[in-house]
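Trainee: Could you take me through one part of this model in some detail? I would like to see how a pair of neighbouring helices packs, and what lies around them.

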Amino acid sequence: MSNFFRLFSNITENKAKIKEGIIEFVLLLCSLVTIITTAGIIVILTVDTYAFFKEVSIIEFFTGTEWTPLFEQKKFGILPLVTGTLLTTIIAISVAVPIGLTIAIYLNEYAPKKLTQVIKPTLEILAAIPTVVYGFFALVFVTPILQSIFPTLSGFNALSAGLVMGVMIIPYVSSLSEDALRAVPNSLREASYGMGATRFQTAFKVMIPAASSGIIVSVILAISRAIGETMIVAIAAGQQPRFTFNPLESVETITTYIVQVSMGDVPQGSLEYRTIFAAGITLFIFTFILNSISFWVKKKYQERYE
Amino acid sequence: MKKLFLFAFLLVLTSSCFKKYDAKITIDGSSSVYPITEAVAEEFREVEPDIRVTVGVSGTGGGFRKFTRGETDISNASRPITAIEIKAAQENGIEFIEIPVAYDGLAVVVSTENDFVDYLTISELKKIWEPEAQGVIKSWKQVRESFPDVPLNLYGAGTSSGTYDYFTEAVVGKAKSSRGDYTASEDDNVLVQGVSTDKGGLGYFGLAYYSENAGKLKLVPIDDENPENGTAPVLPSAASVNDGSYGPLARPEFIYVSLKAANDPYVQKFIKFYMENAPVLVEEVGYIPLSKEAYQIAYERFLKKIPGSMFDDKSHVGVDLIKILRSENE
């Protein structure tokens with residue numbers, strides 16, 4: 001009788017083991033999907049980029065100031081696209097970081113609980129708006145307003161796209177910075193108050209330096225979000241590659257160029273077609289460096305207060 | 001009894017699926033002629049439901065590839081057939097009749113806020129758009145001394161559009177030869193949006209798009225500097241396109257009918273219908289109809305089955321269709 005029970009329990013144990021094994025395998029598979037996808041993207045980008053650089057000089061690519069690969073007189077200098085990308089990103093960041101950070105400090109240090117309950121969901125709504133809507137908002141609402149201030153502003157311009165993109169990434173900065181601020185041990189704040197510091201002094205002299213690693217990470221993530229943003233700049237910033245840092249002109253970003261070529265009917269496998277892979281890998285290098293920096297910052301400073 | 005009903009019902013139902021057409025006309029080719037031919041085909045289907053007309057879109061070149069292999073009966077084209085394509089047709093024993101069906105004018109536009117551009121000449125357009133202008137011509141003042149020093153922002157057709165081919169050929173003198181530093185888009189709405197909100201903007205696209213957005217844009221009269229056409233700058237309109245005074249910025253659109261298909265009574269019916277209804281339908285889809293006379297001569301050309309191209313691989317920029325058609329018919 002007892003033997004039978006043992007046997008039975010063995011079977012269920014085995015069954016459980018198999019079940020566990022299957023579950024473990026599925027979990028592994030799921031996490032592998034992300035690695036395989038990343039690897040696949042890198043492989044595809046490099047293969048076509050390699051073919052591209054066989055025909056185009058890599059020096060011309062990174063130093064040329066004219067980008068006209070679709071025209072008769074082909075010029076392959078990616079700098080106009082890079083400046084376009086950087087210009088819109090800088091504008092967006094100079095909107096998003098001050099405002100986002102202020103919101104984070106206000107919510108964490110000043111705001112009454114009831115107000116926090118209103119502001120936080122509102123910020124989340126901001127993050128939930130589709131970027132194509134932001135793009136049209138920039139094009140048909142923000143640009144005309146800006147044109148009444150700057151009469152020479154062209155219909156597509158870096159300024160309007162950058163400003164609206166800045167508003168879009170405010171929630172990224174504010175919520176990540178707020179998390180960082182909240183993670184600062186309460187003892188620090190209390191110690192600061194105990195020393196007779198005011199609220200303002202506590203917030204800016206104690207809390208922000210203490211949370212600086214998290215805040216830096218939030219800013220870097222916001223930058224890489226702005227660099228990769230496609231829809232807003234494609235709609236509102238224009239499609240003309242121009243080597244300029246003038247925010248009043250129309251520019252083309254790397255992402256916009258990729259969209260433009262993918263939507264047109266450039267023959268697959270042609271040199272024109274391969275330009276989007278070279279542009280894509282440039283973009284990827286940018287965001288990869290930024291993400292690595294944020295990873296490194298996080299790792300280096302995280303343990304300090306824990 | 002019930003089963004019988006059901007069976008009969010099914011039979012009726014399925015029979016409509018396997019409708020037998022008496023004849024089939026296959027058409028393919030240019031995307032810019034497609035709206036016209038499709039409009040004609042739609043109307044034709046209502047009059048002749050037993051003739052099946054299919055209209056494809058594979059571009060003028062793609063359409064001719066199929067046509068010269070004898071795979072299609074009619075080919076839509078936004079330019080005349082080239083010598084190479086004619087040769088391919090000859091090798092496959094395909095003969096064809098060339099019929100002009102409409103005009104498409106190119107509109108040169110500026111923003112309604114632009115108060116200094118009164119007209120532009122073709123050589124000024126060339127100065128703006130030629131490849132050498134890239135990075136050099138950046139201000140309206142460089143275009144003409146009397147213009148103010150306002151930045152010149154350009155908007156034009158994308159490189160894969162037929163409009164781009166035509167405009168560059170008509171203005172710069174060589175197809176696909178253009179500066180590259182302008183907002184290039186196949187989506188005409190992007191161009192409309194860009195020019196209409198840009199005081200220093202200048203753009204070009206098909207006249208049909210201008211008519212849809214007439215309130216937002218200012219049409220620029222063009223002086224083709226050809227004294228035979230009169231000396232004053234001309235606005236594109238049905239009249240000025242038809243009499244040739246709008247100069248090189250008006251292009252004819254064609255259909256090519258294979259001679260074999262032209263002997264088919266159903267195709268003959270279709271072409272007759274096409275020529276009779278084109279004046280109304282062409283206008284409906286936003287293009288400019290030829291004159292009544294031109295349609296008549298073109299139809300005679302079909303009836304007489306005059307093969308070959310009127311252009312013999314020559315440029316079709318700024319041609320007087322009636323003159324050519326007449327001389328060919330004789």
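**A helix pair in chain B**

Mentor: Happy to! Helix 12 of chain B and helix 13 of chain B are roughly antiparallel to each other, and therefore make a good pair to start with. Please keep in mind that this is a predicted model. Helix 12 covers residues 265-284 of chain B and helix 13 covers residues 292-303 of chain B. The angle between the two is about 175°, and their axes are 10 Å apart. An angle over 145 degrees counts as roughly antiparallel, which is why this pair gets that description.

Now look at the residues where the helices meet. From helix 12 of chain B come I271(B), M275(B), A278(B) and P279(B). Facing them from helix 13 of chain B are K292(B), Y295(B), A298(B), Y299(B) and F302(B). By class, this contact has eight nonpolar residues, no polar ones and one charged residue.

A278(B) deserves a closer look. Leaving out residues up to four places away in sequence, A278(B) touches V40(B), V101(B), A102(B), P289(B) and Y295(B). Y295(B) belongs to helix 13 of chain B, so you have already met it in the contact between the helices. A278(B) is also a member of the largest nonpolar core, which has 86 residues. Together with A102(B), V108(B), Y256(B) and V257(B), A278(B) touches the most other members of that core. The element that gives the most to this core is strand 4 of chain B (residues 96-111), with 11 residues. As a general point, nonpolar side chains in soluble globular proteins tend to be buried together. Another core, of 65 residues, lies apart from the one just described, and V164(A), I170(A), I254(A) and I281(A) are among its residues.

Let us step back to the chain that holds our helix pair. Chain B has 14 helices and 11 strands. Of its 330 residues, 46% count as buried. Among contacts in chain B between residues at least 6 apart in sequence, 73% join residues at least 24 apart.

Finally, there is the side of chain B that meets its partner. Here 23 residues of chain B are in contact with 19 residues of chain A. Strand 7 (183-185) and helix 8 (188-196) of chain B each supply at least two residues of that side. The residues of chain B on this side divide into four nonpolar, 15 polar and four charged.

Technical notes
Residues numbered from 1 in each chain as written. Chains lettered and ligands numbered in written order. Predicted model: local features only at pLDDT ≥ 70, side-chain atom pairs only at ≥ 80, totals over all residues. Contact = placed C-beta atoms within 7 Å. Helix = DSSP H or I, 4+ residues; strand = E, 2+ residues; numbered from the N terminus. Nonpolar A, V, L, I, M, F, W, Y, C, P; charged D, E, K, R; others polar. Core = buried A, V, L, I, M, F, W, Y, C linked by C-beta atoms within 7 Å. Buried ≥ 20, exposed ≤ 12 C-beta atoms within 10 Å, placed from the backbone. Axes fitted to C-alpha atoms, helices over the stretch in contact; angles between N-to-C directions. Parallel < 35°, antiparallel > 145°, perpendicular 65-115°, else oblique.
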